[in-house]
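Here are my notes from going through the model, written up as numbered points. Have it open next to you while you read.

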Amino acid sequence: MELRPSVNTTLTINDQTYTFTEHPAAKGMPYGQSGRRATVYQLSTPDGGRHAIKIFNLSFREARIAEGVERMAPFASLPGLQVCRRLVLTPQQHGDLLEKYENLLYAVVMPWVYGENWQEFILSGKPLTVNQSRLLAKSLAAILARMEAEGLAHCDLSAPNVLLPGLQTSSMPTEGKSSLVALVDVEDMYAPGFPRPQVPPSASSGYAHRTTKEGNWSAEGDRFAGAVLLAEMLGWCDKEVRQAAYGEQYFDLEETQCINKRYEILVGSLYQNHGAQISDLFTRAWESSSLKDCPTFAEWQQALEAPYEAAPQPSTSKESTMTIEAPPPPPPKAETPQERLVRSAVERAQIYLGVGQTDKALHELEEAYRLAPAIGGRELARVLLQVAEGKERTGDLQGALIDYQRALAVAPPGGMRDELHTIVAEVSNKIQLAQGAAVVTTAAPPTTPFEAVYTPAPTSPPSLSPSAPTPTKKRNWVLWALLGAGLLAVILCVVGVLVILPQTDWSSINVAEPQTNPAIPTTNPLIQTQLFASPTPTNPPPLPGKVIIPIENMARSIPWLELELAQTPTSRFIVFNTRMPPFDNVLVRKAFSAAIHRQGVADFAKNLYGYDTAPLTTLTPPQVLGRDLYREVGIRYDLEQARFYLAQAGYPKGEGLPPVAFSLRSASGACDDPATPAIQLARYLVSMWSQLGVDVSIDCYTDAQKFSEKRQAGAFQFFSYGWAADYNDPDNFLNTLFLSTSESNPGFFADARFDQLVQQAAGMNDPLERQRLYIEAEKILTEEQAAIIPLYAHLLDASENAPTPTSPAVQSPYFFSDDFSTKKWKEGTDNRESWGYEGEEYFIHVFERGFFRWVTPPVDFSPQVIEFDVRISDKSKNNQFLGYYGAMCRIQDNSNFYVVEIDPFAQAYQIELLKDNKFKPLIAWKTLTNLETWGTNHMALDCTGTNITLLINDKLIDSLDDTTLPADGGVAIMTGNQDKADPQGFRVMFDNFTAYRHVQ
């Protein structure tokens, strides 16, 4: 079997006991980090020592690792190479252990190196002073110069493989005392007599010399990457350099050895802060035609030892006034709501992974990716890699390829993305060969990372948030792009992966005339062509089953693919008349937008009309824009923020707001019939706006012409609208509808910056830059100016054979929110307890010892999820013995339900099942760490299906499955009194209650 370590798991190796330690940021999870090749865990020994164990993935368990141990040992005493002191687990010496844990074959035990790596330091944006930059660079240059003198080369130098243990201490060590820098991942190190790797390492993106594309394993293998790393460290004292950094490294993978803006900024900074000798060394490396032409590390070391005088820096610079030699600890910074959400999602994912619930972990990491692509993408890619490798080991190549592609789509620029390009090509080849068709695929990354369009897996685990994203459908894209000097390449993206097709001899191909509205299949095969010389073409050749858009059309727009009329991307949204009160006030528009729960609306529309829907916070559907911007761009559901906007606009709790009418057209059903779908949806929206304290009337039309005339005349305050794509491009939504000069502009929206972005994008041929401009335009339209309220997207089946949707009987609205400002819940009292309203909160007060009271919300559906704020009443703060509070779900009757109890004084929780009036603990009392005893806590209980999941203050606490009771049932809030309770009883206050369910 395989070792799946948990905290405190022990291994005995050569009579030494090692224990897996706990991750400092994720309680209950082992301290480890996964990459493409291996996972590295921290181990402790009884004497307090810290070690690392590197457990390789199946494809990288090679006997060569063990063969190199003795050869590496002499270098372990060199500064920064302590990881060369290693023990490898082999069948000959550790057979018993490997028989028990087969995945430990050739695992490496070595010293643990403290500190973050250079990549993490770059991402943090933390500054260095000129002296600090120079000290780091001198330390790295000294290590590399000593290695070079010994004939060694790391051969995979990059930011992730350079650790900074010197920055762990309160002051940076002085020269000669110890190394500030350490190197890791030395398995492929070059040295005379070392066994050559079967596949030589290819230098990482941003650090690769033009001659090392096919592998980098030689004595000079570090010279170019080392020069870039030294330049990065030396330049990091300059604010302009830090701001110009590409991402996980300073240079984009396509910029190396090209004259570009980042290069000019860095060279200028080196000259300004470290002198001409340093900048000249970097220029020599950058302009070199081979690794041997790059400066030696002895030259770098000599230049860094030489006296220099940095140019004076302005006295106002915060960095120039720093006198200590160590980077100061960053000032305390309040965590933003977005950072809190990302951290919580990653922590929940780690817990799910620890209990083997990979699907739920992926769902959480997909959410983290949407909120913060750089952080969430790295974590999501690592987990997807592990999932894909597991499928590949079992022979599921198709499944593995999909997950490798998903990992590639989200991986940030760096070594992992480069490796993923190679893996995807290799697995694609395996699949083609298995199908009997030999192909040759390129492992080179595409010139533009358009594969960053990420599509989640087609699984829908239970949501833990009322605004949980809905996975989007995969689309196939075809793009013709000019690659300079008359060369044309086809970039074909098949299920999220780009394959660059080589140039073709256009003169030998008959070009078909473009057709109108062709039938286009929904899937594309991988296509490969032969390489020929290419004169300047006028039109590309036809592809099998495809009709290509003529190049001359690209000046106006780039339709990624001809529109499939049977699957037309469509968005539904609400348009504000920005000229008419009260919606001429942007704050009022924002308030109405923030009050709409998009997931609830999408679910309601799905149940109402019978087609698949996805929530939107932008106008353009993701199938057209190429990215799902839900929860990233636009205004999200936030009732408190909505009320704040309305108060800022001068209408607190809706007081003084002019009468508001919501206009719509009913395509089917009479306006006075409450069963008419459009009326049902409108009433659902109105119920959400009522939470602002405003009354909205419904203005319904059945006559399409009359509705259109009144809309064009500006007679409506705000109204329902929909748009189905005429062609598959964001231009058709943003330009056609909301350009200030557009005749179709439905809400008289005008914004000069929006116009500029949309018009600039229409003439742009670079798909990535084009997409970026459209996203900026979306942000203005839906967020900054809030000219519309996007609701949901769906695919409109406009084919002749499309089935006529039949509207099923629609449930009652399955979203309920209440701030207890108006009385809707039951009130009561007896000699054991009382419950009711106190100000704008709801209380439950229990007097009788060993008793609890539960109260159900005034809803006529069975919620799956409830959320609320809860605190101990001030009236109970002086009690000697206190009680507990919590929530219930899947209530069948008074004798059958599930209950979660929170003891704020013991800082503990438990989950129980009451079956036939007998309690059974499903999770006995366990300790909490994030509960405010006397403060307000936010509690969420998700009981979707057979799952029961508890969150407190946005942190996942626990999750279980139980099938004893039916999946549906009632919900409740509750308060209980302990057996040894105070005679005054226990009083708890509830606020901001939300209940909802997911439509399957």
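**Notes on the predicted model**

1. Let me start with a helix pair: helix 16 and helix 19 are roughly antiparallel to each other. Keep in mind throughout that this is a predicted model. The pair consists of residues 586–594 and residues 639–648, packed at an angle of about 160° with the axes 8 Å apart. Anything over 145 degrees counts as roughly antiparallel, so that label fits helix 16 and helix 19. Their crossing is left-handed.

2. Who makes that contact? On the helix 16 side you'll find L587, V588, K590, A591 and A594, and they meet L639, A642, Y645, L646 and Q648 in helix 19. By type, the contact of helix 16 with helix 19 splits into eight nonpolar residues, one polar and one charged.

3. Just ahead of helix 16, have a look at the prolines. The peptide bond from P581 to P582 is cis, with omega near 0°. P582 sits in the loop between strand 15 (568–576) and helix 16.

4. A second helix pair is worth putting beside the one above. Helix 23 (residues 752–762) and helix 24 (residues 767–784) have axes that come within 9 Å and cross at roughly 160°. That angle makes helix 23 roughly antiparallel to helix 24, and the crossing of these two is left-handed. Helix 23 brings R753, F754, L757, V758, Q760, A761 and A762 to the contact, while helix 24 brings R770, L773, Y774, E776, A777, I780 and L781. The residues of this contact of helix 23 with helix 24 come out as 10 nonpolar, one polar and three charged.

5. Stepping back to the chain as a whole: there are 24 helices and 35 strands. Of the 1000 residues in the protein chain, 57% are buried. If you take contacts between residues at least 6 apart in sequence, 69% of them join residues at least 24 apart.

6. On to the cores. The largest nonpolar core has 84 residues, and W118, L164, V181, L183, M233, F282 and W300 are the ones with the most contacts inside it. V181 is a good place to zoom in: leaving out residues up to four places away in sequence, V181 touches G80, L136, S139, L140, I143, V162, L163, L164, P165 and M233. There is also a second, separate core, with 48 residues, which includes A594, A649, L664 and L692. You have met A594 already, as one of the helix 16 residues that meet helix 19.

7. Which residues does F868 touch, not counting residues up to four places away in sequence? The list is G886, A887, N937, H938, M939, I973, F990, D991, N992 and F993. F868 itself lies in strand 26 (residues 865–872). Its relative accessibility is 1%, so F868 counts as buried. One partner to pick out is F990: F868 and F990 are 122 residues apart along the chain, yet their C-alpha atoms are separated by 6.8 Å.

8. A225 has a shorter list of neighbours to check. This residue lies in helix 6 (residues 223–235) and, at 5% relative accessibility, counts as buried. Beyond residues up to four places away in sequence, A225 touches L157 and Y207. The C-alpha atoms of A225 and A208 are 6.3 Å apart, with these positions 17 residues apart along the chain.

9. Is E255 buried or exposed? The residue is in the loop between helix 7 (239–244) and helix 8 (261–274), and at 15% relative accessibility E255 counts as buried. Its contacts, not counting residues up to four places away in sequence, are N260, R262 and W286.

10. Last, two backbone spots to inspect. Y106, in the loop between helix 3 (95–100) and strand 9 (108–111), has phi near 65°, a positive value in a residue other than glycine. Y106 is buried, with a relative accessible area of 14%. C155 is not a glycine either, but has a positive phi of about 75°. You'll find C155 in the loop between helix 5 (130–149) and strand 10 (162–163), and at 1% relative accessibility C155 counts as buried.

Notes. Residues are numbered from 1 along each chain as its sequence is written. This is a predicted model: local features need pLDDT of at least 70, side-chain atom pairs count only at pLDDT 80 or more; totals for chains, interfaces and linings use all residues. Side-chain values use heavy atoms; hydrogens and water are left out. Axes are lines fitted to C-alpha atoms, for helices over the stretch in contact, and angles run from 0 to 180 degrees between N-to-C directions. Helices (H or I, at least four residues) and strands (E, at least two) are DSSP runs, numbered from the N terminus. Angles under 35 degrees count as roughly parallel, over 145 as roughly antiparallel, 65 to 115 as roughly perpendicular and the rest as oblique. A crossing is left-handed if the near helix is turned anticlockwise from the far one by less than a right angle, and right-handed if clockwise. Contact means heavy atoms within 4.5 Å. Ala, Val, Leu, Ile, Met, Phe, Trp, Tyr, Cys and Pro count as nonpolar, Asp, Glu, Lys and Arg as charged, and the others, Gly among them, as polar. A nonpolar core is a set of buried Ala, Val, Leu, Ile, Met, Phe, Trp, Tyr and Cys residues joined through side-chain atoms within 4.5 Å. Buried means under 20% relative accessible area, exposed over 50%, partly exposed in between (1.4 Å probe, protein chains only).
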